[in-house]
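These are my notebook entries on one structure. I set down what I looked up, topic by topic.

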Amino acid sequence: MSPEELRYAKTHEWIGVKTDAQGNKVGTVGISAFAVESLTDLVFIELPKAGARVQAGESFGEVESVKAVSDLYSPVNGEIVEVNSELSENLEWLSEDCYGKGWLIKVRLDDEKPLGDLLDFAAYKQQCAEEQA
Amino acid sequence: MRNTRATQLLTELSREGRYNPLLPDCDVPQPPLEELLPREAIAAELLPLPEVAEPDLVRHYTNLSTLNMSVDTHFYPLGSCTMKYNPKRNERLAGLDGFAAVHPYQPEETIQGLLELLYELQEMLAEISGLHAVSLQPAAGAQGELTALLVAAAYFQERGEHRTKVLAPDSAHGTNPASAHMAGFRTVTVKSTPEGLVDRDDLRRHLDDEAAVFMVTNPNTLGLFETEIREIAEEVHGTGGLIYLDGANMNAILGISRPGDFGADMMHFNPHKTFSGPHGGGGPGAGPIAVTRDLAPFLPTPVVAREGDVFRLDEDRPRSIGRVRGFFGNVGVLVRAYCYIRTHGPEGLREVSENAVLNANYLLHRLKEFLPVPQGDCCMHEFVATAKDCKAERGITAMDIAKRLLDYGFHAPTVYFPPIVREAIMVEPTETESRETLDAFAEAIGKIVQEDPELLHAAPHSTPVTRPDDVRAARQPVMRAVAAGENGHEG
């Protein structure tokens with residue numbers, strides 16, 4: 001997915017929403033290139049199982065680098081329909097292609113309301129620039 | 001000259017048959033092993049234990065011990081850990097037979113001296129904390145946190161209140177959320193302001209009838225005193241919650257400011273940081289807690305009680321959360337804490353903190369010549385510098401600087417903590433360091449930030465083990481000892 005088309009949480013997760021064959025809104029969730037770079041060398045990721053529920057702003061997993069363990073926060077409410085289960089064995093996908101092969105979970109959205117709280121690409125870029133300063 | 005065999009493993013030094021049987025033959029008949037143990041308890045073959053001669057064994061450990069960096073050999077400004085010098089006299093006193101050679105099952109009348117000491121320590125810690133009652137039981141600061149949160153949970157349960165949340169700032173020690181989780185609470189993170197203090201608006205958003213405890217470290221991990229702590233405590237108390245004070249940074253405020261006076265309801269002490277308990281090494285440790293009068297009935301059992309001139313362990317505490325530790329905690333550490341407090345006295349303890357704060361501020365001002373300190377010009381006992389600009393301009397990270405300091409003969413400061421500061425370098429010089437040492441450390445950093453980045457990425461260069469591959473160590477750990485030459489990679 002192209003980073004310009006995604007929406008971003010202040011906590012550095014991205015989401016791209018599509019409509020599936022049944023008409024459900026399904027969001028693919030990952031972490032941004034800025035987040036991957038800030039985390040430095042990754043050593044471990046813990047993701048939930050398909051079927052688990054997520055809540056906007058609540059942790060759904062964690063990622064560990066040589067520096068620290070960080071929570072992963074869901075940008076939306078819903079049910080996890082798919083998990084990138086090969087990612088934990090291939091953490092380099094996050095540094096190589098965090099908007100593609102490095103996606104984390106797919107969520108069937110309960111509602112689209114939390115999407116309104118997310119940033120678009122330009123606003124997110126601005127936030128990263130401020131954090132960098 | 002460096003003894004290169006010092007870092008060889010015993011399995012590498014081992015030669016078959018190289019051991020000296022030091023015991024005479026047994027003079028009672030030895031039944032066969034099969035008669036003594038069930039078949040399934042007998043190993044099919046002998047364990048491949050290393051076989052080395054006594055002098056080689058002694059050299060192995062003695063040489064290894066000389067490779068250690070410790071506060072007895074080097075300046076050790078490990079922020080948050082308060083690696084101050086521990087007076088050797090406290091070791092000697094804790095080793096006296098009356099303390100070291102007693103047995104926990106001895107009758108109380110034969111250990112009255114020890115019980116009196118522990119009773120007095122309870123009283124002294126209550127005085128220093130400004131709180132009502134103390135438990136010396138917990139075996140570490142983190143267990144103190146857990147114990148105090150269990151006390152809080154028992155208190156709310158008795159009041160019929162169902163409070164599920166523990167709040168902690170984003171600058172908190174990782175033990176705070178971990179303890180809250182273990183005590184059955186859900187942790188909610190409270191943001192810090194750009195100045196590094198608790199964001200009171202964000203705190204207010206989370207204060208409701210579900211918030212049980214606000215855990216706050218004061219001074220906080222940025223080395224800043226929460227100047228609005230009394231107002232914060234009033235707001236938390238106003239919604240029926242309790243304040244927990246993480247006492248990790250007590251070394252900054254001894255005899256100057258008492259947690260009970262600024263609104264804390266419970267706290268722990270870290271004797272290894274504040275009162276000359278042994279540092280690190282996995283213990284044994286101690287994490288005494290102090291609580292208000294309302295919480296005192298829930299403290300773990302036993303506590304040391306006094307009846308006239310007689311001291312005894314009080315087990316009859318019907319509202320207590322119960323036992324949290326076998327016997328009476330790690331008494332040896334408590335004896336050292338007692339000795340430290342008695343040696344200094346009230347005036348001396350205040351001086352300890354004054355000098356810890358003075359040293360930190362002196363070093364902050366020297367280091368600012370070379371590295372920015374985002375949260376201001378003034379600190380308590382420690383401060384957090386950042387290598388953010390070094391990284392952006394020359395690719396030099398906090399880790400590079402920390403590793404290179406080892407080559408200059410300094411233990412590295414804490415790095416990448418607290419996580420709210422990028423490329424954090426957290427420095428805590430403590431009160432026991434001279435101006436010359438502080439100057440030398442600042443000047444070493446000044447040189448390092450000018451050095452060739454490639455040299456720094458590979459540092460340290462002078463230690464027996466140079467830069468480890470952190471990523472591979474975490475992702476592909478080798479969990480068993482292997483002899484030299486054998487491929488230890490197990491994938």
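**Notebook entries**

I began with the cis prolines and found that Pro418(B) sits in the loop between strand S11 (414-415) and strand S12 (424-427) of chain B. For the terms, I noted that helices (H or I, at least four residues) and strands (E, at least two) are DSSP runs, numbered from the N terminus. The model is a predicted one, in which local features need pLDDT of at least 70 and side-chain atom pairs count only at pLDDT 80 or more, while totals for chains, interfaces and linings use all residues. Residues are numbered from 1 along each chain as its sequence is written, and chains are lettered from A and ligands numbered from 1 in the order in which they are written.

**Backbone entries**

I looked up the bond from Phe417(B) to Pro418(B), and this peptide bond is cis, with omega near -5°. A cis bond also joins Thr301(B) to Pro302(B), with omega near -5°. I located Pro302(B) in the loop between strand S7 (289-291) and strand S8 (303-307) of chain B.

In chain A, I recorded that His12(A) is not a glycine, yet has a positive phi of about 80°. His12(A) lies in the loop between S1 and S2 of chain A. I marked these entries because most residues other than glycine have a negative phi, and most peptide bonds are trans.

**The sheet of chain A**

In which order do the six strands of the open sheet in chain A stand? I read the order as S1-S2-S3-S9-S8-S5, with antiparallel pairing. Strand S1 (7-8) and strand S5 (53-54) of chain A are at the edges with a single partner strand each, so one side of each has no neighbour in the sheet. Two strands count as paired if DSSP finds at least two bridges between them.

I then followed one pair: strand S2 (residues 13-19) and strand S3 (residues 25-31) of chain A are joined by seven bridges in the antiparallel sense. Within this pair, Lys18(A) has Val26(A) in S3(A) as its bridge partner.

**Where the chains meet**

I found six residues of chain A in contact with six residues of chain B; contact requires C-beta atoms, placed from the backbone, to lie within 7 Å. On the side of chain A that touches chain B, I recorded four nonpolar, no polar and two charged residues. Here Ala, Val, Leu, Ile, Met, Phe, Trp, Tyr, Cys and Pro count as nonpolar, Asp, Glu, Lys and Arg as charged, and the others, Gly among them, as polar.

**Helix pairs of chain B**

Helix H7 (residues 141-158) and helix H8 (residues 175-182) of chain B pack at an angle of about 45°, their axes 9 Å apart. Axes are lines fitted to C-alpha atoms, for helices over the stretch in contact, and angles run from 0 to 180 degrees between N-to-C directions. H7(B) is therefore oblique to H8(B); angles under 35 degrees count as roughly parallel, over 145 as roughly antiparallel, 65 to 115 as roughly perpendicular and the rest as oblique. By class, I noted five nonpolar, four polar and one charged residues in the contact of H7(B) with H8(B).

Next, I looked up helix H14 (residues 398-407) and helix H15 (residues 435-448) of chain B, whose axes come within 10 Å and cross at roughly 120°. H14(B) and H15(B) are therefore oblique to each other. Ile401(B), Arg404(B) and Leu405(B) in H14(B) meet Ala444(B), Ile445(B) and Ile448(B) in H15(B).

Methods. Contact = placed C-beta atoms within 7 Å.
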